[in-house]
Each structure stands twice: as C-alpha cells, then as structure tokens.
Amino acid sequence: MEGDPMAVALPADALAEILRRLPLRSLATARCVCKAWRAIVDGRRLLLPELLPHSVRGIFLMYSDRDYPAFLSHPSMEPDILGKLKFHRLPGQWNRAYVLGHCNGLLLYKDMQGLHVANPATQWRASLPPPPPPLPGRFDEPPHLVFDPADSLHYEVLIVPESPFIEERAEPSKEWPASVWALCAFSSRTGQWEERAFVREGEAAGMASDEVLQGSNAFGQNCSAYWQGALFVQCNGGFTVMRISLSNNKYRVIKMPTDIGESEYEDVYLGRSKEGLCCALFHDWYKLRVWILDDSCGTIEWVLKHHIDIYNSVSPVTSVFGENDEEGPWILEDADSGEHYGQQNLQDVNKDEDDNKNALVKTKVEWDSDNDNMVDSESEGVQSFFGCVGVIGFHPYKDVIFLNLSIERAAAYHLNTSRVQLLGKVYPDDCYSNAAYIKSSFPYTPCLVADSPENKLEDNVEG
C-alpha cells in the first residue's frame with residue numbers, strides 16, 4: 001500500500017487473483033485502499049462485471065423547442081425507456097420535463113412534481129425534496145448528480161453556481177469562487193438538502209468582477225462528468241471547470257486550454273472517455289480538437305490528444321441519408337409526442353427469452369460499437385457536406401465520440417481510426433422551428449444493481 005514501508009509488493013496478476021476472491025462488499029472496500037488497488041479492480045473489472053456493463057445503451061437528448069426529452073438507442077434495448085420514467089403531467093396545463101444529468105446508470109430529471117433520481121434499467125426511482133429557494137435576485141442554478149456504485153449505492157446532488165452572483169460582482173476585490181465555497185448538496189444518506197463547505201486548492205478563477213467569469217451556458221448544456229472520485233463541472237460559460245471532491249470536501253479551479261478562444265468557450269463539450277476526463281470543440285466547422293486532462297506529474301494540465309479534420313469522414317454519412325434516406329438502425333423515442341422514429345419494427349426486435357427481471361437487453365444481439373453500421377468512406381457518389389456538426393457525447397469506455405450531423409442523424413466517430421458509424425435519426429419529424437437545436441445530451445450507461453421493491457417506479461408515481 002502507498003505510504004506503508006512494511007507492505008509487501010505483489011505482482012499485479014497475483015494481487016488481482018487475491019482481490020477476485022473477496023466478497024463484493026469487501027472488494028468495494030479494497031478498491032478504496034489506494035490508487036494501485038483501485039486501478040487493478042477497475043482495469044480488470046473485478047467489481048460487478050455483470051451489473052456494470054461497459055457499454056453505451058443510448059443517448060438522452062433535450063431540444064430547444066420541445067418540452068420533453070427523447071432517447072436514441074439501438075433496438076436491442078428494451079423499448080419505452082422514457083415511458084417507464086412516467087413523467088408527471090398535470091391535466092389541462094402546460095407540462096414539461098427535463099433530463100438534467102446522468103452518472104453511472106442513474107438519471108437526474110425534473111418534471112412537474114420536482115426533482116427525481118431514477119435508474120431506467122431497474123425501474124427504481126426516488127423523488128427529492130425541493131431544494132432551498134434561491135436568495136432574492138438570484139436564479140436557480142443547475143443541479144449535478146454524483147453516483148459511484150463501485151463505492152456505494154448512495155448518491156448525491158450538488159447545486160453549483162455557474163458564475164458570480166450579482167452582489168459578488170459588486171466587490172472588485174472579491175475572489176471567485178471563495179477560498180471556502182458553500183454549496184447546496186443533497187445526500188441520499190440523510191434525505192436532506194444541506195449547505196456543504198468546500199475548501200479551495202490552488203488559485204481562484206479570478207476576481208468576481210472579471211468580465212470573463214460572467215459567462216453562462218444559456219444556449220448550451222452545463223456539462224459535468226464524474227471521474228476518479230470527483231465531480232467536474234463547467235462554469236463561467238465554459239471558461240473554467242471545477243473539480244469537486246466529495247470525499248475530502250475540497251475543490252480546484254481548472255481553466256480551459258489556452259488555445260481555446262474566448263468566443264468558443266460555450267461550445268466546449270466536457271465528458272469522460274476511455275482516456276479519462278476530456279473536452280472537445282469544433283472550430284472552422286469540421287476541425288475537431290480533443291484534450292485530455294493530465295495530472296500524472298503532480299500538475300494539472302490539458303493535453304491536446306486529437307486534432308482532426310473530419311469533413312471527409314462525415315461526408316459519406318450525409319450522402320447516405322441524403323440520397324437513400326437511410327436513417328440508421330437506432331430508434332428515437334420521443335416522450336413529447338409518444339412517437340418512435342426509425343427503420344426497425346419494434347414489434348419484431350424485442351423478444352425476451354430470458355426471465356431475469358433485471359435484464360436490460362431484450363435481444364441476444366447488441367450494437368457492436370466496433371463494427372456495426374460502418375460507413376464506407378471510399379464509396380462512389382459522395383456528396384459535399386455543408387451542414388453543422390456538434391458533439392453529443394463521449395463513449396466512456398472507448399475512443400469514440402458521438403456526433404450530431406445537422407440535426408439530422410447521429411454518428412459515432414472513432415478518434416483513432418476516423419471510422420464512422422451511422423446510428424440513427426436524431427430529431428423528431430414534427431420539429432417546430434428551423435432554428436431548433438440539441439440543448440443537452442447524455443450518453444446512457446446502465447447500472448443493473450438491484451433496488452428495494454418498495455422503490456419501484458410503479459409504486460412511487462401517481463397516475
């Protein structure tokens with residue numbers, strides 16, 4: 001163990017075999033002993049390999065002109081994932097529901113009854129009490145979900161301010177965030193919202209009155225990602241990332257790469273990939289840059305991992321759906337209209353031959369993220385592509401980024417090989433506006449850990 005001179009260093013293979021024989025609860029405890037043990041448990045997937053599959057089973061999408069989310073998934077997924085969440089709708093009134101975040105299989109969303117945390121795979125759901133109202137002159141800040149089933153089945157929700165409050169900006173000598181940052185936090189252990197103090201490590205983002213700190217993500221999503229025991233949240237319109245550690249109540253300000261222009265901050269997508277925490281940005285339309293956060297040498301810095309012109313790769317994709325109207329195999333489930341969009345017949349693809357109640361996948365054939373629906377980049381008749389491209393997520397276990405092509409189709413782009421997979425339709429047919437856009441998106445990775453029967457969705461949602 002780190003820091004223990006009496007510890008005997010075992011070969012990694014021998015240690016893995018010892019850890020493999022531990023009961024699950026003891027294995028979860030051993031995972032927290034030191035970084036080396038955690039790397040072995042995670043790298044060899046010793047903990048709950050069946051209950052925490054390393055796969056993306058779909059993408060939740062929120063649109064600028066629609067009141068409810070959509071879910072894009074391969075037809076091997078059980079259908080009607082959104083229907084099982086049973087968004088509360090008040091008769092005769094304007095209703096809406098928002099997916100606000102996703103973390104390791106749990107979903108944070110808000111409907112007409114308030115905030116909820118749900119596990120779509122097991123149909124468990126918990127309603128949260130209302131958070132404390134914001135002070136006069138302040139607006140509601142976005143909540144962020146933290147859940148690590150390898151450590152605990154409890155979850156937490158943090159409300160993180162995007163930028164300095166008005167009264168803070170009025171003080172020219174005031175740093176932001178403060179050296180002790182008070183955040184509103186909900187814990188499933190206590191079932192209550194409480195004020196929680198986080199102590200800053202390192203420098204502040206700047207002075208509260210600095211113009212660069214006044215940005216917000218009004219037209220984009222407030223990205224956050226959980227990685228190595230910490231929550232990373234975009235703030236200040238994308239200019240900074242806050243690393244918040246709930247284990248020791250400390251936080252650190254991380255500024256975006258210096259080669260990102262100030263006008264580009266709000267377009268940065270923050271997420272987690274196979275490489276760790278990363279951010280992505282398009283510039284000059286089709287030039288994709290991806291940075292990885294590196295803290296291996298004691299300092300924290302962004303390292304440019306990919307700088308790719310994807311124009312030639314995505315043009316065949318747009319030619320396919322332009323000429324042949326091919327939509328791809330994934331199904332778009334729209335909670336707003338209740339419609340399903342896609343080429344597959346849902347009545348034929350969801351035959352369940354397994355009686356396991358926790359089974360998420362209803363067919364024996366899942367989407368192969370390495371081979372299925374690859375687009376031939378050398379095919380004849382490729383047309384020029386003049387649309388926009390946006391990031392809608394990273395695959396957390398592969399070097400793959402999910403792209404939105406002109407609000408038409410979703411595609412998976414393999415960063416190391418430039419191969420492209422056509423996924424499916426990314427926007428419902430009955431769009432309301434030509435200016436519509438995808439406001440936020442969350443790749444969904446399932447967690448099949450069983451929940452107590454009394455927390456089933458059917459028992460907690462009013463009709």
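In this predicted model, H102 is tucked out of reach: its relative accessible area comes to 18%, so the residue counts as buried, the cut-off being under 20%. H102 belongs to strand β3, which covers residues 98-103.

As for what surrounds H102, the contacts that lie beyond four places in sequence are L107, F442, P443, Y444 and T445. Two of these neighbours also turn up as polar partners, each through a backbone atom. The H102 side chain comes within 3.3 Å of the backbone oxygen of P443, and it sits 3.4 Å from the backbone nitrogen of T445. The side chain of H102 thus has a backbone oxygen on P443 and a backbone nitrogen on T445 to pair with.

Elsewhere in the chain there is a sheet to look at. Four strands line up as β23-β24-β25-β26 in an open, antiparallel arrangement. The outer places go to β23 (389-394) and β26 (420-425); each of them has just a single partner strand, so one side of each is left with no neighbour in the sheet. On average, neighbouring strands here are turned by 30° against each other, if direction is ignored.

Within this sheet, the pairing of β24 with β25 can be followed down to individual residues. Strand β24 takes in residues 400-405 and strand β25 residues 409-414, and six bridges hold the antiparallel pair together. One of the residues involved is V400, whose bridge partner in β25 is H414.

Technical notes. Residues are numbered from 1 along each chain as its sequence is written. This is a predicted model: local features need pLDDT of at least 70, side-chain atom pairs count only at pLDDT 80 or more; totals for chains, interfaces and linings use all residues. Side-chain values use heavy atoms; hydrogens and water are left out. Helices (H or I, at least four residues) and strands (E, at least two) are DSSP runs, numbered from the N terminus. Buried means under 20% relative accessible area, exposed over 50%, partly exposed in between (1.4 Å probe, protein chains only). A polar contact is a pair of N or O atoms within 3.5 Å; within protein, one must be able to donate a hydrogen and the other to accept it, and residues adjacent in sequence count only if both atoms are side-chain atoms. Contact means heavy atoms within 4.5 Å. Two strands pair if DSSP finds at least two bridges between them. Axes are lines fitted to C-alpha atoms, for helices over the stretch in contact, and angles run from 0 to 180 degrees between N-to-C directions.
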